[in-house]
Amino acid sequence: MNTIKQIKAREILDSRGTPTLEVEVILENNITGTFSVPSGASTGIYEAYELRDNDKNRYNGKGVLKARDNVNNIISSHLKGMDIFNQKAIDEALIKLDGTKNKSNLGANAILGVSIACAKAAAKAKGLSTYEYLSYSNNYSMVYPTMNVINGGVHALNTLDIQEFMIVPISAETISEAIHMCVNVFYTLKILLKKHSTSSLGYGDEGGFAPNLENDEKALEILIEAIKQSGYTPNIDFKLAIDAASSEWYDTNKGSYYLPKSKKILTKEELVSFWENIVNKYPILSIEDGMSEDDIEGWKLLSDKLKDKVLLVGDDLFVTNKERLAMGINNNIANAILIKVNQIGTLSETLETINLAKQNNYEVIISHRSGETNDDFISDLVVATNSRYIKTGAPNRGERVAKYNRLLQIEEEKNELYEPV
Ligand code: PGA
Ligand code: ZN
């Protein structure tokens, strides 16, 4: 019987030692599905609500016992008996039970944990891998990692204002080759950064290096050097990608940007010029959150200048929300979207947003959060949805590597991933 018998949640720790939820769905035939919920640090203000206990005596208020209890005492009995293959009905029931627009009643962490654990149980019940169960077709395309190898912003205690400096192995033909290429550059980068960093070399939250450099551009220069010294050609083998996470810099009242580490203040026009200069000097594939979630005027300026040259990725801007994405499409801003399952809180809504992006030719990048677990669901998601890119950190730290290792497994299962016909 492929119906839900019970749903159990427990409080576990994420990669920063912060509590999060692990949810297990048990079917009447005792098949189970488990999902662990990720958590962001540079979160967008339009994200679904992450319910935390706010009990200052436990984990600095970050416990998730209330969210756990909502799963165990409310959601479990409500969903009992539901058909595990009807994901849409399950997600709709969760949304209705919560009753708020941003899932603040039960908590988006509780709801997401249940939603994805159900999808994993359903796949198992059909004897399929999760990506096969979720896929619309048997055609799978190549997935390119965008590996965040230098960390800054709120993810690292260093001098860099830009949150993420990524390498993208565009000439790779297989996932295993792509991962190998990135690791080669990562090794070389370590040697180069040891020479350039004014402090001993540490790591940031996503496993990339966290050097102290004279400015952000220096990080790009060093990445180009690392690519060359590893035997690759910039722009042919590798492009660079940036996540500015500039919502963290934005002063809503003044309409300007304050970069806290370099202590620079930039108008929106100056920030657009900064990105133009970077795009002219380096082989840039994408700039994520180049402007703030609340600076639609700035996004229009940036899009007018750079939309035809690079991917302009909306993360905090769109928060995996189809209404926010529709707003972006109507305003002709950005041309790519970052997808984070916990920004919206159910699998069905995530898939709807991905579909809307594809229908409007927005590139899709499936992403982890800076607070992660060893759960590798997003690797199945990127393959199932034929999305071109995955963003899941450096090839360093178990919770990041888990996702790359899952992609290697999938590649072996499929022999190769190929472009859809
Ligand atoms: P976050 O960072 O998970 O801390 O929000 C990732 C990102 O901004 O893409
Ligand atoms: Zn981002």
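This is a short dialogue on reading helix packing and pockets in a predicted model.

Q: Let's start with helix pairs. At what angle do the axes of H1 and H3 cross, and how far apart do they come?
A: A good habit is to take angle and distance together. Here the axes of helix H1 (residues 65–79) and helix H3 (residues 108–125) cross at roughly 50° and come within 9 Å.

Q: Which word describes how H1 and H3 are oriented to each other?
A: An angle has to be under 35 degrees to count as roughly parallel. The pair is therefore called oblique, H1 relative to H3. As for the hand, H1 and H3 make a right-handed crossing.

Q: Which residues make the contact of H1 and H3?
A: Look along both helices for the side that faces the partner. H1 brings Ala67, Val71, Ile75 and Leu79, while H3 brings Asn109, Ala110 and Val114. Sorted by class, that contact holds 6 nonpolar residues, 1 polar residue and no charged ones.

Q: Now for another pair: how do H9 and H11 pack?
A: The same two values help again. The axes of H9 and H11 lie 9 Å apart, at an angle of about 15°. That angle is why H9 is described as roughly parallel to H11. The crossing of H9 past H11 is right-handed.

Q: Which residues of H9 and H11 make the contact?
A: From H9 come Lys322, Leu325, Ala326 and Ile329, and from H11 come Glu352, Thr353, Leu356 and Ala357. Their classes are 5 nonpolar, 1 polar and 2 charged.

Q: And what about H7 and H8: at what angle do their axes cross?
A: Helix H7 (residues 268–281) and helix H8 (residues 296–306) cross at roughly 30°, with axes that come within 10 Å. The limit for roughly parallel is under 35 degrees, so H7 and H8 are roughly parallel to each other. H7 passes H8 in a right-handed sense.

Q: Which residues of H7 and H8 meet?
A: On the H7 side you will find Lys268, Glu269, Val272, Trp275, Glu276 and Val279. Facing them in H8 are Glu297, Gly298, Leu301, Leu302, Lys305 and Leu306. This contact of H7 with H8 divides into 6 nonpolar, 1 polar and 5 charged residues.

Q: Let's turn to pockets. What volume does the largest pocket have, and which residues are closest to its centre?
A: Begin with volume, then move to the lining. The largest pocket has a volume of about 400 Å³. It is lined by 17 residues, and those closest to the centre are Lys101, Asn321, Glu323, Ile344 and Glu349.

Q: Which elements give two or more residues to that lining?
A: Three helices do: helix H9 (322–330), helix H10 (341–344) and helix H11 (347–359). You have already met H9 and H11 as a packed pair. By class, the lining of the largest pocket has 4 nonpolar, 5 polar and 8 charged residues.

Q: What can be said of the second largest pocket, its volume and its lining?
A: Its volume is about 200 Å³. Of the 14 residues that line the second largest pocket, Thr43, Glu47, Ala48, Tyr49 and Glu50 lie nearest its centre. That lining divides into 6 nonpolar, 5 polar and 3 charged residues.

How values were computed: Residues numbered from 1 in each chain as written. Chains lettered and ligands numbered in written order. Predicted model: local features only at pLDDT ≥ 70, side-chain atom pairs only at ≥ 80, totals over all residues. Heavy atoms only, no water. Axes fitted to C-alpha atoms, helices over the stretch in contact; angles between N-to-C directions. Helix = DSSP H or I, 4+ residues; strand = E, 2+ residues; numbered from the N terminus. Parallel < 35°, antiparallel > 145°, perpendicular 65-115°, else oblique. Left-handed = near helix turned anticlockwise from the far one by under 90°. Contact = heavy atoms within 4.5 Å. Nonpolar A, V, L, I, M, F, W, Y, C, P; charged D, E, K, R; others polar. 1 Å grid on protein atoms, 1.4 Å probe; cavity = no way out; pocket = protein on both sides within 12 Å on 5 of 7 lines; lining within 4 Å. Points joined across faces, edges and corners; volume = space filled by probe spheres on them.
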